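Please read this short report with the sequence and the 3D view side by side. It goes from sheets to cores to single residues.

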Amino acid sequence: MLKMERKTFCMRLCTVLFFTNCVSGNYPKAQNVSWSSINFKTLLMWDPKPFNYSYTVEYSVVGQIREWNQQCIRTMETECDLSNVLTDLKATYSADVFSEPLHRVNSDLTEFPHTSSEGFTPYQDTLIGRPEFKIEVSKDKRKITLYVEDPPIALFNEQNKLKTMRDVFADELQYKVTFGKATSTGKKTKMSASSEIELDRRDIDPGVSYCFNVQAYIPSRSTDKQLGELSQTQCSPGANKSFFEEFGIGVIAGFLLLVITIIVVAIVVTVVCCQRTRKANTSGKEGVPLRSV
């Protein structure tokens, strides 16, 4: 009875407000609701793309009152940026995606279908992006120093400047360096709690070119989330090599043999051509009759 009265009221309201649409029935639930977060840039994502309905996102710290993000109310998008509202990085959040009528469209439903997300803790779950770094080789070629730039994050400090991973994780932020000789496939690793990483004769051979990859490491996290993205590979310059060191005795010997072969072939061809020319000239003279005196 109550449901019929609500439906009747909705139909009357549609008649009076001619510029406002009214629908009844259910809406498809959001599917594949998940979190995507890199360097604390955190998106809630879901499927499918709506056509005659919209989505509204509610979020909260688990167990607390839910809130709305103004950008994600009756939206036609399938993602919602919650980076700026998940301010307690160590709290665990959950979110619900509601399927609702389009903007300025009424419905006789009192509760809209929704799908809940899994819990998300920014401090533990955001992926740490690939770091940038510079390489410096000492003058005596005995030491290589990597200067790693702590990755910036999608949060601002009191001076309205972007924070870095170091601001959030402090001493927990470490770096894992994977390196090896540029001419070899063998690899070594080195851990460092500092953004300035030195490798000396215990790690490298002086004057040899090495290639490096760096990634962030947070030991307090679960094993599958301790390591961040791997940086792009960078290589240090090696010592200047002599001509023989650069190309090797085998390559040089092969090149000399090729040159000698070409010279010999050229000499043989020249001799043969000269002999043929001489024979031709001789044959021509023999065929000319002697002039009478």
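Helices (H or I, at least four residues) and strands (E, at least two) are DSSP runs, numbered from the N terminus. Two strands pair if DSSP finds at least two bridges between them. This is a predicted model: local features need pLDDT of at least 70, side-chain atom pairs count only at pLDDT 80 or more, and totals for chains, interfaces and linings use all residues. Residues are numbered from 1 along each chain as its sequence is written, and side-chain values use heavy atoms, with hydrogens and water left out.

## The chain as a whole

The chain holds four helices and 18 strands. It has 293 residues, and 32% of them count as buried. Buried means under 20% relative accessible area, exposed over 50%, and partly exposed in between (1.4 Å probe, protein chains only). The accessible surface comes to about 19,500 Å² (Shrake-Rupley method, 1.4 Å probe). Carbon and sulfur atoms account for 55% of that surface. Contact means heavy atoms within 4.5 Å. Among contacts between residues at least 6 apart in sequence, 62% join residues at least 24 apart.

## An open sheet of four strands

Four strands form an open sheet in the order β15-β14-β17-β18, with antiparallel pairing. Which strands stand at the edges? They are β15 (188-192) and β18 (234-235). Each has a single partner strand, so one side of each is left without a neighbour in the sheet. Strand β14 (residues 174-181) is joined to β15 by five bridges. F179 has K188 in β15 as its bridge partner.

## Strand β7 and its partners

Strand β7 covers residues 93-100. Eight of its eight residues are buried, so β7 is largely enclosed by the rest of the structure. Both faces are covered. Y93, A95, V97 and S99 lie on one side, and S94, D96, F98 and E100 on the other.

β7 pairs with β4 (residues 54-61) over eight antiparallel bridges. There, T56 stands opposite F98. β7 also pairs with β9 (residues 114-116), again in the antiparallel sense, over three bridges. The bridge partner of D96 in β9 is S116.

## Strand β16, a two-faced case

In a regular strand the side chains alternate between the two faces of the sheet. Along β16, I197 and L199 point to one face and are buried. E196 and E198 point to the other face and are not buried. β16 pairs with β11 in the antiparallel sense over four bridges. T145 stands opposite E198.

## Two nonpolar cores

A nonpolar core is a set of buried Ala, Val, Leu, Ile, Met, Phe, Trp, Tyr and Cys residues joined through side-chain atoms within 4.5 Å. The largest has 25 residues. F40, L146, F169 and F212 have the most contacts inside it. Elements giving two or more residues to this core are β11, β12, α3 (165-169), β14, β16 (196-199) and β17 (210-217). β17 gives the most, with four residues.

L146 shows how far such contacts spread along the sequence. Leaving aside neighbours within four places, L146 is in contact with residues including F133, I135, V177, I197, L199, F212 and V214. A second, separate core has 21 residues, W46, L86, A91 and F98 among them.

## A buried aspartate

D150 sits in the loop between β11 (144-149) and β12 (152-156). Is D150 buried or exposed? D150 counts as buried because its relative accessibility is 17%. Its side chain makes polar contacts (N or O atoms within 3.5 Å, one able to donate a hydrogen and the other to accept it; residues adjacent in sequence count only if both atoms are side-chain atoms). One joins the side chains of D150 and Y175 at 2.6 Å. Another joins the side chains of D150 and S195 at 2.8 Å. Beyond its neighbours within four places in sequence, D150 is also in contact with T164, R166 and L173, among others.

## Backbone points to check in the view

A cis peptide bond joins D47 and P48, with omega about -10 degrees. P48 lies in the loop between β3 (41-47) and β4. Two residues other than glycine have positive phi values:

| Residue | Phi | Loop | Relative accessibility |
|---|---|---|---|
| R104 | near 65 degrees | between β7 and β8 (105-107) | 53%, exposed |
| K141 | about 65 degrees | between β10 (132-137) and β11 | 35%, partly exposed |
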